[in-house]
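I pulled this one up to go through the backbone oddities, the strand pairing and the ligand site. My notes are below, in the order I looked things up.

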Amino acid sequence: MASLVSSSSSSIAVCLISLSFVSVAVMAATPRRAIDVPFQKNYVPTWAFDHISYFNGGDEVQLCLDKSTGTGFQSRGSYLFGHFSMHIKMVPGDSAGTVTAFYLSSQNSEHDEIDFEFLGNRTDQPYILQTNVFSGGKGDREQRIYLWFDPTKDYHSYSVLWNMHQIVFFVDDVPIRVFKNSKDLGVKYPFNQPMKIYSSLWNADDWATRGGLEKTDWSRAPFVASYRGFHIDGCEASADAKFCATQGMQWWDQKEFQDLDGPQYRRLQWVRQKYTIYNYCADQSRYPTMPPECHRDRDV
Ligand SMILES: *[C@@H]1O[C@H](CO)[C@@H](O)[C@H](O)[C@H]1NC(C)=O
């Protein structure tokens, strides 16, 4: 990770701008409802500590991106399976060039990763949500959607349900993507490497907005993303553990979480039909033969 960057006191001051919060408790319907806890219970800053501001004893946290640096945080523990959620209010106004990420990542060489990446845009232009799954070092499974709301206006919950059977990406209570365990089809599935949870805000104007055409307008800095929630409902394991002692016994292991139900598949279908921008499964120039998991994940 980037080294600790010290910033001038003036940039600390500009990061402490917004003290008003709209509190909207919207949670996934199916996974167990998360209890909001303070940031420091489960998370620590990763880099640029002075670009993170804490409010109400850590119930709310803001990440600040300015020309000198972005910032990020990570979970204290590593987890094998569970439900991982965060309430985020994205950078408002002109956020073109910025990326806010929320992801799970293993620390070992055969990399597993489950990603939400929110690509900012010019004022009143829509954010893009890009998701990806890496398993056993292989990624290249990007999907991109527009959201059905303005993610800068209120807090929304973004969460990942991960068990032995499936990985589900939720936006509020809507499943927007599923990655099923397709080991029988020869597709590696993350199952034996604990992951940490990360979030960060950084400048990616070389690729993020309209493929890098829109540059970050630094006269609009600082860019601020707001967070609350911070609950982690997972099986904590040491970073090099291969299994979780309670596997099979947790709520997320039970039958009702091993597949989406009919109404959930219909909502997934609704997202696909109305909001999809890009789907690797449908990219024939990149994949002349469709990747094996695509049918099972109902991506096509
Ligand atoms: C930004 O807005 C433009 C124009 O509406 C759109 O084409 C693009 O997909 C939007 N999002 C990003 C991240 O570029």
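Before I quote any helix or strand content, a reminder to myself: helices and strands here are DSSP runs, with at least four residues for a helix and at least two for a strand, numbered from the N terminus. I'm also keeping in mind that this is a predicted model.

**Domain.** I checked the record. An unreviewed UniProt entry lists residues 30-227 as "domain: GH16". I then looked at that span in the model: it is 46% strand and 2% helix. The C-alpha atoms at its two ends sit 22 Å apart.

**Strand β14.** Next I asked how many residues of β14 are buried. The count came out as six of six. I sorted the side chains by direction: F223, A225 and Y227 point one way, while V224, S226 and R228 point the other. Both sets are buried, R228 included.

Then I went after the partners. β3 (residues 60-65) runs antiparallel to β14, and six bridges join them. In that pairing I found C64 matched with V224. β5 also pairs with β14 in the antiparallel sense, over three bridges. I noted I88 standing opposite Y227 of β14.

**Cis bond.** Which peptide bond is cis? I found it running from A221 to P222, with omega near 5 degrees. P222 belongs to the loop between β13 (195-203) and β14 (223-228).

**Positive phi.** A note for context: most residues other than glycine have a negative phi, and most peptide bonds are trans. I wrote down two residues with positive values.

- A48 has phi near 50 degrees. I placed A48 in the loop between β1 (43-47) and β2 (52-55). Buried or exposed? I took 20 or more other C-beta atoms within 10 Å as the cut-off for buried; A48 has 26 such neighbours, so A48 counts as buried.
- F81 has phi near 75 degrees. Unlike the loop residue A48, F81 is in a strand, β5 (residues 78-89). F81 is buried because 26 other C-beta atoms lie within 10 Å.

**Ligand.** Last, I listed what surrounds the ligand: L119, N121, Q125, P126, I128, T209 and R210. I then split this shell by class and got three nonpolar, three polar and one charged residues.

**Where I left it.** The entry I'd come back to is β14: a strand with six of its six residues buried, paired antiparallel with β3 and with β5, and coming after the loop that holds P222.

Terms used: Residues are numbered from 1 along each chain as its sequence is written. This is a predicted model: local features need pLDDT of at least 70, side-chain atom pairs count only at pLDDT 80 or more; totals for chains, interfaces and linings use all residues. A residue is near a molecule or strand if its C-beta atom, placed from the backbone, lies within 6 Å of it. Ala, Val, Leu, Ile, Met, Phe, Trp, Tyr, Cys and Pro count as nonpolar, Asp, Glu, Lys and Arg as charged, and the others, Gly among them, as polar. UniProt positions are given in the numbering used here, feature names are shortened, and annotations may be inferred rather than shown by experiment. A residue is buried if 20 or more other C-beta atoms lie within 10 Å of its own, exposed if 12 or fewer, and partly exposed in between; C-beta atoms are placed from the backbone. Two strands pair if DSSP finds at least two bridges between them.
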